[in-house]
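Visitor: Hey, got a minute to walk me through this one? I'd like to start with what counts as a contact.

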Amino acid sequence: MLLVVTYSRRARETLRNACRAHEETVVRRFGRAALLRETEYGAFLACRLRERHAADVQVERTEPFNEFADAPDSVREAAVAYEQRESPNTPYDRFAAGTDHPRSAAMRERDL
């Protein structure tokens, strides 16, 4: 998919209009940003926005996140356990202390 992010009011307006006019190419809209299908037409729309608004538009190529293929088992298990904790106000690091769950500092340092 193509992620288009706008940084000015005029660029946002143009993005909004393009999304309304070309709904078949839009995967999802987020106000200042939109995900476009990774087709030649999606690229055409993104290039038009960049041409019109230059630095006020950023375009990035994205990949869908598959939690089962992309995240280690330990991370998924920690997320499930943390969401099922007894006290909803317990911070993650306190929750993970004394368990086999990864520490937040360690997770921040490791790439997927």
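Guide: Sure. Contact here means heavy atoms within 4.5 Å. Keep in mind that this is a predicted model.

Visitor: Okay, so leaving aside neighbours within four places in sequence, which residues is Arg50 in contact with?

Guide: With that filter on, Arg50 touches Ala55, Val57 and Val59. Arg50 itself sits in helix H2.

Visitor: Is Arg50 buried or exposed?

Guide: In between: Arg50 is partly exposed, at a relative accessible area of 40%.

Visitor: And what lies 2.6 Å from a polar atom of the Arg50 side chain?

Guide: That's the backbone oxygen of Val57.

Visitor: How far is Arg50 from Val26 in space?

Guide: They're 17 Å apart, C-alpha to C-alpha, with their positions 24 residues apart in sequence.

Visitor: Next door, then. What does Leu49 contact, again leaving aside neighbours within four places in sequence?

Guide: Leu49 is in contact with Val4, Ala11, Thr14, Leu15, Ala54 and Val57. Val57 also turns up on the Arg50 list.

Visitor: Which residues make up the largest nonpolar core?

Guide: There are 12 in all: Leu2, Val4, Ala11, Leu15, Cys19, Val26, Ala34, Leu36, Leu45, Ala46, Leu49 and Val57. Strand S1 (2–6), helix H1 (9–21), strand S3 (33–36) and helix H2 (40–53) are the elements that each give two or more residues to this core.

Visitor: There's a cysteine in there. How many disulfides does the structure hold?

Guide: It holds 0.

Visitor: Why no bond for Cys19?

Guide: Because the closest cysteine sulfur, in Cys47, is 15 Å from the sulfur of Cys19, too far for a bond. A disulfide needs the two sulfurs within 2.5 Å.

Visitor: Are those two cysteines buried or exposed?

Guide: One of each. Cys19 is buried, with a relative accessible area of 4%, while Cys47 is exposed at 53%.

Visitor: Zooming out, what pattern does the chain follow along the sequence?

Guide: Read along the sequence, you get β-α-β-β-α-β-α-α-α-α. That's 6 helices and 4 strands.

Visitor: And what radius of gyration does the chain have, set against a compact globule?

Guide: The chain has 20 Å, whereas a compact globule of 112 residues would come out near 13 Å. Its C-alpha atoms fill a box of roughly 55 × 30 × 25 Å along the principal axes.

Visitor: What share of the residues is buried?

Guide: Buried residues make up 29% of the 112. The accessible surface of the chain is about 8,300 Å², with 48% of that belonging to carbon and sulfur atoms.

Methods. Residues are numbered from 1 along each chain as its sequence is written. This is a predicted model: local features need pLDDT of at least 70, side-chain atom pairs count only at pLDDT 80 or more; totals for chains, interfaces and linings use all residues. Side-chain values use heavy atoms; hydrogens and water are left out. A nonpolar core is a set of buried Ala, Val, Leu, Ile, Met, Phe, Trp, Tyr and Cys residues joined through side-chain atoms within 4.5 Å. Buried means under 20% relative accessible area, exposed over 50%, partly exposed in between (1.4 Å probe, protein chains only). A polar contact is a pair of N or O atoms within 3.5 Å; within protein, one must be able to donate a hydrogen and the other to accept it, and residues adjacent in sequence count only if both atoms are side-chain atoms. The radius of gyration is taken over C-alpha atoms; the globule rule is 2.2 Å times the number of residues to the power 0.38. Accessible areas come from the Shrake-Rupley method with a 1.4 Å probe; for residues, only the protein chains shown count as cover.
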